[in-house]
Amino acid sequence: MRLEIGNINIQDIQFGDKTEVKNSILYVEKEALINAISGDDHIRSIDVEIVRPGESVRITPVKDVIEPRVKVDGPGGIFPGILSKVDTVGEGRTHVLKGAAVMTTGKIVGFQEGIVDMTGPGADFTPFSKLCNVVIIAEPHEGIKQHEHEYAVRLIGFKAAKFLGEAGRNVTPDDIEIYETKPLFKSHEEFPDLPKVAYVYMLQTQGLLHDTYVYGVDAKKIVPTLLYPTEVMDGAIVSGNCVSACDKNTTYIHLNNPVIHDLYKLHGKEYNFVGVIITNENVYLADKERSSNWTAKLAEYLGLDGVIISEEGFGNPDTDLIMNCKKISEKGIKTVLLTDEYAGRDGASQSLADSDPSGDACVTGGNANMTIILPKLDRLIGHQEVIDVIAGGFDGSLRADGSIEVEIQAITGATSEVGFNKMTARMY
Amino acid sequence: MVKEIERAGIPVVHMCTVVPISLTVGANRIIPTIAIPHPLGNPSLEAIEEKLLRRKLVEKALVALETEVDGQTVFED
């Protein structure tokens, strides 16, 4: 499977009479965008704002961030099984509005949503402060059920990203990257002497607003399976969750998963990157046992020499991470774990809820419990009063002078467990 | 908590869903429960069936409490 990613660099977003890309500026026809994403009976109002890097703006609670993309060649469309038919994607060409994103906010859905500051110390902690964002403010009707609210806002975000992505359909990309993964036996024929490496991609599926979808299927209902890595770049995996903001994989992060992109860089040179094993993080022990048994079985079946395993979220998924590590290691396959830490505000507590000696190679995205003071910013989009109750916030987080003291857990993408941010933790 | 109470000489039964974590932290008597969001119940059952399930779990825990163990023991069905 071969996919060309055509990046169209976006340096600014402005409202305009027509939705189009001209000279690296994305113009958005506001009314047309609102029309394209309206229609859910659970939503009372939708408004749209544009925010840019460096502006004195705070957006909270942020639910999801999505990159605008459009498929211009090859089977299927973006977000298969959700906005497009369930054709298998990952082949042909996809155009990306690089530097632009859709960000969804409005009344809080679940208590685990995030903060994005576009300037100041908070901006350094979120990768999304570096993007021009089209912020969708979706306010629900009173009395809406949480899961209906989550579904409605999730879909609104995807629709907005698809609508904006269309503007890139006939634009010549600034650069084109090519990603190719061949069927297993062919790729082994091509690189018989290179070690075979795969990515074990753990998806947050604890339920109760902590869910991820694969081709439209709720991933808690899957057994581990294989994907070509390029399928992920076309939106085969999307976020539907309100897990702690710092280490949830927003849809933007799924589309741009650095583990996949970086594994491609040395594919065919230092190793043979054969594909992606997706698995889940369920709340029944039998599910955890079954899924980790299957990741180990698939890893063995593929004849792998090594895997990278990334976790999403923390707490009981730490056990899924350790089970995957232990069972895959027992097959004689090397493992590297990607996670983050909840080691207390002083960093002195145990970082993960579970552990095993086989987890001897581990990369961390940082300690989510570290606190930070975020100064008052000029403009607020969303609802700041939620700061005291979101995960990472505490009673008194929101101070009288408009500044905020929170754990970095509350900042969207701060301790990304797929390495989407630039944080880590070190021992001194 | 399990370890501190046992250190004081009182036996403890740890009822939990994620048995591997309980084993990692060093509980000695472990009863596997239903699911992380509802360890001691099951909302998909009828009220009467759920009551029976809960009673069974508690009775199992009481039996475990009375059982002499030689190291970490998981009380499976």
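**Two chains, strand by strand and helix by helix**

Good morning. I begin with a single pair of residues: A:T104 has A:I136, in strand 12 of chain A, as its bridge partner. Please bear in mind throughout that this is a predicted model.

That pair belongs to a longer pairing. Strand 10, residues 100-105 of chain A, and strand 12, residues 132-140 of chain A, pair in the parallel sense over 6 bridges. Another bridge partner in strand 12 of chain A is A:N133, which is matched with A:A101.

To which sheet do these strands belong? The sheet is an open one of 4 strands in chain A, with the order 5-12-10-7 and mixed pairing. Its edges are strand 5 (43-51) and strand 7 (65-66) of chain A, each of which pairs on one side only. At one of these edges, strand 7 of chain A runs antiparallel to strand 10 of chain A, and 2 bridges join them. Here A:V65 stands opposite A:M103 in strand 10 of chain A.

How many residues of strand 10 of chain A are buried? The count is 6 of its 6 residues, and the strand is mostly covered. I would ask you to look at its two faces in turn. On one side lie A:A100, A:V102 and A:T104, on the other A:A101, A:M103 and A:T105, and all of these are buried. Both faces of strand 10 of chain A are thus covered.

Let me turn to the helices that accompany this sheet. Helix 3, residues 146-165 of chain A, lies across strand 5, strand 7, strand 10 and strand 12 of chain A. Helix 3 runs at about 145° to strand 12 of chain A.

Helix 3 of chain A also has a helical neighbour. Two packed helices are described by the angle between their axes and the distance between the axes. For helix 1 and helix 3 of chain A, the angle is about 135° and the axes are 9 Å apart. These two helices of chain A are therefore oblique to each other. The crossing in which helix 1 of chain A passes helix 3 of chain A is right-handed. Which residues meet there? From helix 1 of chain A come A:L33, A:A36 and A:I37, and from helix 3 of chain A come A:I156, A:K159, A:A160 and A:F163. By class, this contact has 6 nonpolar residues, no polar ones and 1 charged residue.

A second helix pair in chain A may be set beside this. Helix 8 (residues 285-301) and helix 9 (residues 317-330) of chain A pack at about 35°, their axes being 9 Å apart. Helix 8 of chain A passes helix 9 of chain A in a right-handed crossing. The residues that helix 8 of chain A brings to this contact include A:K288, A:S291 and A:T295, while those of helix 9 of chain A include A:D320, A:M323 and A:K327. By class, the contact has 4 nonpolar, 6 polar and 3 charged residues.

I now move to another group of strands in chain A. In a regular strand the side chains alternate between the two faces of the sheet. Strand 4, residues 25-28 of chain A, shows such alternation: A:L26 and A:V28 point to one face and are buried, whereas A:I25 and A:Y27 point to the other and are not. What are the partners of this strand? Strand 2 (residues 12-15) of chain A pairs with strand 4 of chain A in the parallel sense over 4 bridges. Strand 3 (residues 20-22) of chain A pairs with strand 4 of chain A in the antiparallel sense over 3 bridges. A:Y27 takes part in both pairings, as the bridge partner of A:Q14 and of A:E20. Strand 3 and strand 4 of chain A form a hairpin with 2 residues between them. In the turn, A:N23 has a positive phi of about 50°.

Finally, chain B. Chain B has 3 helices and 3 strands, running α-β-α-β-α-β from the N terminus on. Its C-alpha atoms fill a box of roughly 40 × 25 × 20 Å along the principal axes. Of its 77 residues, 23% count as buried.

Where do the two chains meet? In this contact, 10 residues of chain B touch 11 residues of chain A. Helix 2 (residues 19-25) of chain B supplies the largest share of chain B's side, 4 residues. By class, that side has 8 nonpolar and 2 polar residues, with no charged ones.

Thank you for your attention.

Technical notes. Residues numbered from 1 in each chain as written. Chains lettered and ligands numbered in written order. Predicted model: local features only at pLDDT ≥ 70, side-chain atom pairs only at ≥ 80, totals over all residues. Contact = placed C-beta atoms within 7 Å. Nonpolar A, V, L, I, M, F, W, Y, C, P; charged D, E, K, R; others polar. Axes fitted to C-alpha atoms, helices over the stretch in contact; angles between N-to-C directions. Left-handed = near helix turned anticlockwise from the far one by under 90°. Pairing = 2+ DSSP bridges. Buried ≥ 20, exposed ≤ 12 C-beta atoms within 10 Å, placed from the backbone. Parallel < 35°, antiparallel > 145°, perpendicular 65-115°, else oblique.
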